[in-house]
Amino acid sequence: MQASTSMVWLVVLLVLQSGLCSFGASTNASTRPEFVNIGGVFSVNTLIGKVAQVAILAAVEDVNSDPSVLGGTKLKLTIHDTNYSGFLGIVEALQFMESDTVAIIGPQTSVTAHVISHFASELQVPLLSFSATDPTLSSLQFPYFIRTAQNDLFQMAAIVAMVDFYGWREVTAIYVDDDHGRNGIAALADKLAERRCKISYKAPMSYTASWDDMTDVLVKVALMESRIIVLHTYSTTGPLVLKVAESLGMMGNGYVWITTNWLSTILDTSSPLPWDVMKMYQGILSLSPYTPDTELKRKFISRWSNLTSTFSPNGTFGLSSYGLYAYDTVWILARAINTFFDRGGVISFSNDSKLTELKGGNLHLDAMSIFDGGKLLRDSILQVNTTGITGPIQFAPDKNLIHPAFEIINVAGTGYRKIGYWSNYSGLTVVPPDMLYARPPNRSSSSQQLYPVLWPGETTQKPRGWVFPDNGRHLKIGVPMRVSYREFVSPVEGMTDTFTGYCIDVFTAALNLLPYAVPYKFIPFGDGHSNPSATELVRLLTTGTYDAAVGDIAITTNRTRMVDFTQPYIESGLVVVAPVRKSDSNAWAFFRPFTWKLWCVTAFFFLIVGSVVWILEHRLNDDFRGPLRRQIITMLWFSFSTWFFAHRENTVSMLGRFVLIIWLFVVLIINSSYTASLTSILTVQQLSSPIKGIETLLSSNDPIGYQQGSFARNYLIGELGIHESRLVPLITPEDYTKALKDGPHKGGVTAVIDERAYVELFLSTRCEFSIVGQEFTKNGWGFAFPRDSPLAVDMSTAILKLSENGDLQRMHDKWLMSSACTSQGTKFALDRLHLKSFWGLFVLCGLACFLALLIYFLRMFRQFSQHYSEEPGSSTSSSRSSRLWTFLSFIDEKEETAISRSKRRQMERASNRSTDDDGSLYDSKKRHIEYSSNNNFNSGNEV
């Protein structure tokens, strides 16, 4: 950067060596001067420049014709033509800084803007550029550079959104190797990385590249595997690149070309184009800054033809988005100058002390002066809030325009059509972005939409986006040199690059289903004396040693962090293998279906249910009455006879029937399960082992075997916490057999943990061992490819096709099916019926018994209270113990007897009440007679 600055100052010295007169200490003007000097720096004969010149002149005329805009002050515009030269652009801009110019519209290119921005920052002269879109110009390094168009950062975000929408992962970038091209592609790479995509190949070229230079670049691009090409250049070089690509056959089927907005500028400005030119553009996707369709915009478009006739000596031409932004740039500056004056700003210039020190000689550097109100004017520009022909105009805190949006166009026929829009608010849509700002933002993948595209080659089918690179290089495939289980993968005798086996057959069959040829060669991995580490083989893919890995490679979490795997072509989790013995039937085999806990609980419930039914039936049913000994026998007989549904006693109470129905349902389930389990025990050969599964191994300290090179070792240590000293590496199936037969007490192992695919092959010829317990991991085998490799996706699709058409199963049967030892007709004796399988039934039955007893005793208590409450003095004369004994006698009494006694007592009480009533009547009459006699006697005495 320092070298660049030194070169710039050298240019300044050369420009100023003609000797200019000094301005003095300062230049002052009135608060509202008659004119305000502004400058314009761009190439007036370029596609962008000629449109911008007309738009800027029209805007200055419109501003000056309306006294209310600047309060009577007019804009005085001076345009310097840079004539396609960055050097002249720098010189012309510096010349403005020698005069009383308060702001410069331009420069046109990002290269010039980078240099001029240093001077603008030093001399505090705002630069307003409508076409310098380099993202780095918005940095804090250039405080006086203000972009009045869309930042290329958002244009690259729109391109990445399209790439992700169509499911591509890699692109090739062709760009001009200058500030504009490099920084734009850097922004593209950053945006791609956010979506796990990348630029697979960068193809820089010079701005002045010749046909041969471009041919060399494009030939290299054609040899790459990515067919998604992003072309970020200028409207002068872009058509030449496409013409060379057409000559190389790169504009046909399979290719995708996405250009930045230089192509839409050509189409808008130069239409209609000849067919031979339009034919070259067919199927290309391009971007164009989106501007809402407002009344202001429509009026300006209707004036455009007259404006070009008035202000352009080059005849009429179309209006591009740059013309719209250039027009609004003048209005932004006019609004800011008006605000500047309203805030008391004064146009004055002062000498730069740094340049004053260089006064003397022939250079006269002190001719360049600082704009004293530059900071206020810059702040006024950034605070503009108005509406122009491009829509709402307002700057965000990062100095970019709010609401960045782009139209996505597809060139077809003699023109182009819009297939959608992109905005940083809602992503890809087919609805204009300004209609979505009132709704909540929605960036979900389901909401992203675009209309169908006509791709290069006049096809509507979405290109795959990549091909296997046609550069003569073979795919280097690492294959493990296995020592054991060679049915999966093994080298052909006498050949180092030819392999055979189940994994190899699956790989070649899937490869043959791909719609393109893939040249490859197998490279052995390992020393041939021990099984190599599959994790290490996978790691070498990340270093570029191999392009793929094929073999018995399990898909694990750690490995998926390094590479991409295909769809699994075989399922294989970790299992436990242990010695087993045959369990012969014996005299007590009928106890084996149930565990001892289940037997105990079942017997307990037989007693409970019998007791409950006896209690509920005792007062009503004669079958449950009699001497104590008879009642106990009846209760036991009734409960246990329900096992065979052979009980003869009838139940007459509703509660008893309710309990019995629930219990008979429980007995039916238990009886059926017992019968099925006993049948299996007596008719199917049983195998048993002291090892019940991985839980048994975790609770012991016995040695455990594993296959050398397998991921099982790391899993057992890291995930299950098994100490490394317990693990014994084994290589061949013979090692497995010997270690298992020797056992932990003779230097062997108690069990072997390995992947199911190996174990099934091992057990096919060794019936003295078996898998015990359940598979405790779920894994599969797949082919490994570098991250984001499109070949992994296509191979996965091919594997699914093999599975659907049955070829995958046929290859499995060919290599892995063996009938030397069959396990048909045998069963591993582990699954006895446990209490946990029936606890729900027992809980249901227990609740039924509890509810029935609760209802029964509540009824008994109510009847007992009614009966003994009628007894005179019954509540006070008896003690608690005697009352309890009375209650027990009451519930033991037959209900009919209790009812009869209750009725008899009621009749006796009624008779007693009648006798008492007669005595009371006699006494009343006697008292009445005596009272009458006394009255008569007293009356006689008075007489």
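## A helix across the five-stranded sheet

In this predicted model, helix H13 (residues 321-342) lies across strand E2 (35-42), E3, E4 and E5. Its direction makes about 160 degrees with that of E4.

The sheet beneath this heading is open and has five strands, in the order E3-E2-E4-E5-E6 with parallel pairing. Strand E3 (74-81) and strand E6 (145-147) form the edges, each pairing on one side only. Neighbouring strands are turned by 25 degrees against each other on average, with direction ignored. For a look at one of the pairings, take strand E4 (residues 101-105) and strand E5 (residues 127-129), which run in the parallel sense and share two bridges. Here Ile105 stands opposite Leu128 in E5.

## The eight-stranded sheet

A second sheet to inspect is also open, with eight strands ordered E8-E7-E9-E10-E11-E16-E17-E18 and mixed pairing. Its edge strands are strand E8 (198-205) and strand E18 (427-429), and each of them pairs on one side only. From one strand to the next, the twist averages 25 degrees. Strand E9 (residues 228-232) and strand E10 (residues 256-259) are paired in the parallel sense over four bridges, and Trp257 in E10 is the bridge partner of Ile229.

Helix H7 packs on this sheet and touches strand E7 (170-176), E8 and E9. The direction of H7 makes about 165 degrees with that of E7. Helix H10 (residues 262-270) lies across E9, E10, strand E11 (285-289), strand E16 (405-412) and strand E17 (415-423), and runs at about 75 degrees to E11.

## H6 against H7

Besides touching the sheet, H7 has a helix partner. The axes of helix H6 (residues 152-165) and helix H7 (residues 179-194) come within 9 Å and cross at roughly 45 degrees, which means that H6 is oblique to H7. The crossing is right-handed.

On the H6 side, the contact is made by Asp152, Leu153, Met156, Ala157, Ile159, Val160 and Val163. H7 brings His180, Gly184, Ala187, Leu188, Lys191 and Leu192. Sorted by class, this contact has nine nonpolar, two polar and two charged residues.

## H16 against H27

Another helix pair worth a look is helix H16 (residues 502-512) with helix H27 (residues 807-816): their axes come within 9 Å and cross at roughly 155 degrees. Angles over 145 degrees count as roughly antiparallel, so H16 is roughly antiparallel to H27. H16 passes H27 in a right-handed crossing.

Tyr502, Asp505, Val506 and Ala509 of H16 meet Leu808, Met811, His812, Lys814, Trp815 and Leu816 of H27 in this contact. By class, these are seven nonpolar, one polar and two charged residues.

## Salt bridges

Side chains of opposite charge can pair when their charged atoms come close. In this model the count comes to 26 salt bridges. One to pull up in your viewer joins the side chains of Asp552 and Arg482, at 2.7 Å from N to O. Asp552 sits in the loop between strand E23 (548-549) and helix H18 (557-560), while Arg482 sits in the loop between strand E19 (475-480) and strand E20 (490-491), so this pair ties together parts that are 70 residues apart in sequence.

Terms used
Residues numbered from 1 in each chain as written. Predicted model: local features only at pLDDT ≥ 70, side-chain atom pairs only at ≥ 80, totals over all residues. Heavy atoms only, no water. Axes fitted to C-alpha atoms, helices over the stretch in contact; angles between N-to-C directions. Parallel < 35°, antiparallel > 145°, perpendicular 65-115°, else oblique. Left-handed = near helix turned anticlockwise from the far one by under 90°. Contact = heavy atoms within 4.5 Å. Nonpolar A, V, L, I, M, F, W, Y, C, P; charged D, E, K, R; others polar. Pairing = 2+ DSSP bridges. Salt bridge = Lys/Arg side-chain N within 4 Å of Asp/Glu carboxyl O.
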